[in-house]
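Subject: Handing over the structure

Hi there,

Here is the structure I promised to pass on to you. Have a look at it first, and then read on for what turned up.

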Amino acid sequence: MNLLLRLLYLVKILIDMVNKVYSKYKKNEIINKVILNSTVTKMDVYAPYIAKKAEPGEFIILRVNEDGERIPLTIAGYDREEGYISIIFQIVGSTTMLLNQLNVGDCILDFVGPLGKKTETEGLKKVAVVGGGVGCAIAYPVTKKLHDNGCVVHSVIGFRNKDLVILEKEFSEASDKLCLMTDDGSYGDKGLVTSALEKLINEGNQYDEVIAIGPLPMMKFVCLLTKKYNIKTIVSMNPIMVDGTGMCGACRLTVGGKIKFACIDGPEFDGFEVDFDEMISRSKSYSEFETRSREKTCNLFQKKVN
Ligand code: FAD
Ligand code: FES
Ligand code: MG
């Protein structure tokens, strides 16, 4: 028995080696890059071992180069056959700027995952998914999974203005009803996602659950609304992460009065239990460093252009 197991293990190593030699792409190679809007980019990255296991709700941690910091990004999609996973990121600071400088054929130095817990979708019959800005990239895979499983999905997605809209076609295909909101009314309906959600509830829609993913204040206000109607609400938390394995403590947050680590206990939590005010205040802890690093990276690119 022991010998048989060893033989099987050796065969697996041989298959992996052959796959590596004949693979079309290099490890962590960017095989597709699409600019979704002026600040949001989608990349498909060749990572067959992650693609094999990835599930909606999980994330990866990447490092662009040797001197780079580690940043988490949600797995926005995957193709198990082709062996790639998709990431959708907003260019907000130095690392996302550096990442956005990479092109098809370039490789990302480190790309680790899948990390975190997958979204629980079992038994759900009717769900409202609420996405805000780039949070829609995180909300889309679960929307698609729910829809593929036969669940009735009403999606409410919100953006500051028309130029920032992403994934409209994808959400429309994966939803039984789609409400698109912009703050300034330049596209879809004018207003906040909370007003569209409240309208749906008042029209008599009874949801098993609301899933809200976006900026912290948006998730906080969705929870305040759904609490009024007593609808279970799941939120996806995005604190600073470093190791992503529960060792460093950077991603701690308070849920139901207890300390949790978003990287291993989440990133999804019961929204009624999350201490949003603490999270909002903690999320500003490194803003001075982040601004300095962003300015340094911007200057670097400007020098390259000159
Ligand atoms: P910086 O200027 O360094 O930071 C800008 C802001 O990004 C900070 O104020 C902080 O709020 C956040 N941030 C910075 N460093 C980290 C870090 N190490 N970990 C977490 N947040 C950080 N963004 C997307 O655009 N798409 C996604 O799919 C996505 N998924 C995420 C999933 C998880 C589980 C988490 C925790 C965050 C996710 N984010 C996602 C946020 C993303 O990690 C940050 O935007 C990114 O780290 C910014 O790095 P920066 O150097 O470009 O910007
Ligand atoms: Fe270090 Fe979660 S990122 S404990
Ligand atoms: Mg940074």
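Let me start at one particular proline: Pro-114 is part of strand E7, which covers residues 110-115. The peptide bond between Gly-113 and Pro-114 is cis, with omega at about -5 degrees. Please keep in mind throughout that this is a predicted model.

There is another cis bond further along, between Gly-266 and Pro-267, where omega is about 15 degrees. Pro-267 sits in a loop, with helix H8 (262-265) on one side and strand E16 (268-270) on the other.

**Domains**

The chain splits into domain 1 (22-115) and domain 2 (126-282). Their C-alpha centres are 22 Å apart. Across the boundary, 17 residues of domain 1 make contact with 16 residues of domain 2. On the domain 1 side, the elements giving two or more residues are strands E1 (30-37), E3 (59-63), E4 (71-74) and E6 (84-90). Sorted by class, that side has ten nonpolar residues, six polar ones and one charged residue.

**The core**

Which residues have the most contacts inside the largest nonpolar core? They are Val-45 and Ile-85, in a core of 80 residues. Helix H4 (residues 135-148) supplies the largest share of this core, with seven residues. Domain 1 (22-115) and domain 2 (126-282) each contribute at least three residues to the core. As general background, nonpolar side chains tend to be buried together in soluble globular proteins.

If you want to follow the contacts of Val-45, look beyond its neighbours within four places in sequence: there Val-45 is in contact with Asn-28, Ile-30, Tyr-84, Ile-85, Ile-87, Ile-108 and Phe-111.

**A four-stranded sheet**

Next comes an open sheet of four strands in the order E1-E2-E6-E5, paired antiparallel. Why do E1 and strand E5 (77-79) each have one side without a neighbour in the sheet? Both stand at the edges and have a single partner strand each, so one side of each is left free of a sheet neighbour. From one strand to the next, the twist averages 20 degrees.

Within this sheet, E1 and strand E2 (residues 40-46) run antiparallel and are joined by six bridges. To find your place in that pairing, look for Asn-32, which stands opposite Asp-44 in E2.

**Strand E12**

Strand E12 (residues 209-213) is worth a view from both faces. Five of its five residues are buried, so E12 is largely enclosed by the rest of the structure. On one side the buried residues are Glu-209, Ile-211 and Ile-213, and on the other they are Val-210 and Ala-212, so to speak a cover on both faces.

E12 also has strand partners. Strand E8 (residues 126-132) pairs with E12 in the parallel sense over five bridges, and Val-127 has Glu-209 in E12 as its bridge partner. Strand E13 (residues 233-236) likewise runs parallel to E12, joined to it by three bridges. There, Val-210 is bridged to Thr-233 in E13.

**Two positive phi values**

Asn-28 is not a glycine, yet its phi is positive, at about 60 degrees. You will find Asn-28 in the loop between helix H1 (2-22) and E1. Is Asn-28 buried or partly exposed? Asn-28 has 17 C-beta neighbours inside 10 Å, and therefore counts as partly exposed.

Leu-167 also has a positive phi, near 60 degrees, and is a residue other than glycine. Leu-167 lies in the loop between strand E9 (152-159) and helix H5 (168-174). With 23 other C-beta atoms within 10 Å, Leu-167 is buried.

**Arg-252**

Last on my list is Arg-252, which belongs to strand E14 (residues 252-255). Arg-252 has 18 other C-beta atoms within 10 Å and is therefore partly exposed. Not counting residues up to four places away in sequence, Arg-252 touches Ile-259, Lys-260 and Phe-261. Its C-alpha atom is separated by 33 Å from that of Gly-191, which is 61 residues away along the chain.

Enjoy looking through it!

Best wishes

Terms used:
Residues are numbered from 1 along each chain as its sequence is written. Chains are lettered from A and ligands numbered from 1 in the order in which they are written. This is a predicted model: local features need pLDDT of at least 70, side-chain atom pairs count only at pLDDT 80 or more; totals for chains, interfaces and linings use all residues. A nonpolar core is a set of buried Ala, Val, Leu, Ile, Met, Phe, Trp, Tyr and Cys residues joined through C-beta atoms within 7 Å. A residue is buried if 20 or more other C-beta atoms lie within 10 Å of its own, exposed if 12 or fewer, and partly exposed in between; C-beta atoms are placed from the backbone. Domain bounds come from an automatic or database domain assignment. Two residues are in contact if their C-beta atoms, placed from the backbone, lie within 7 Å. Ala, Val, Leu, Ile, Met, Phe, Trp, Tyr, Cys and Pro count as nonpolar, Asp, Glu, Lys and Arg as charged, and the others, Gly among them, as polar. Two strands pair if DSSP finds at least two bridges between them. Axes are lines fitted to C-alpha atoms, for helices over the stretch in contact, and angles run from 0 to 180 degrees between N-to-C directions.
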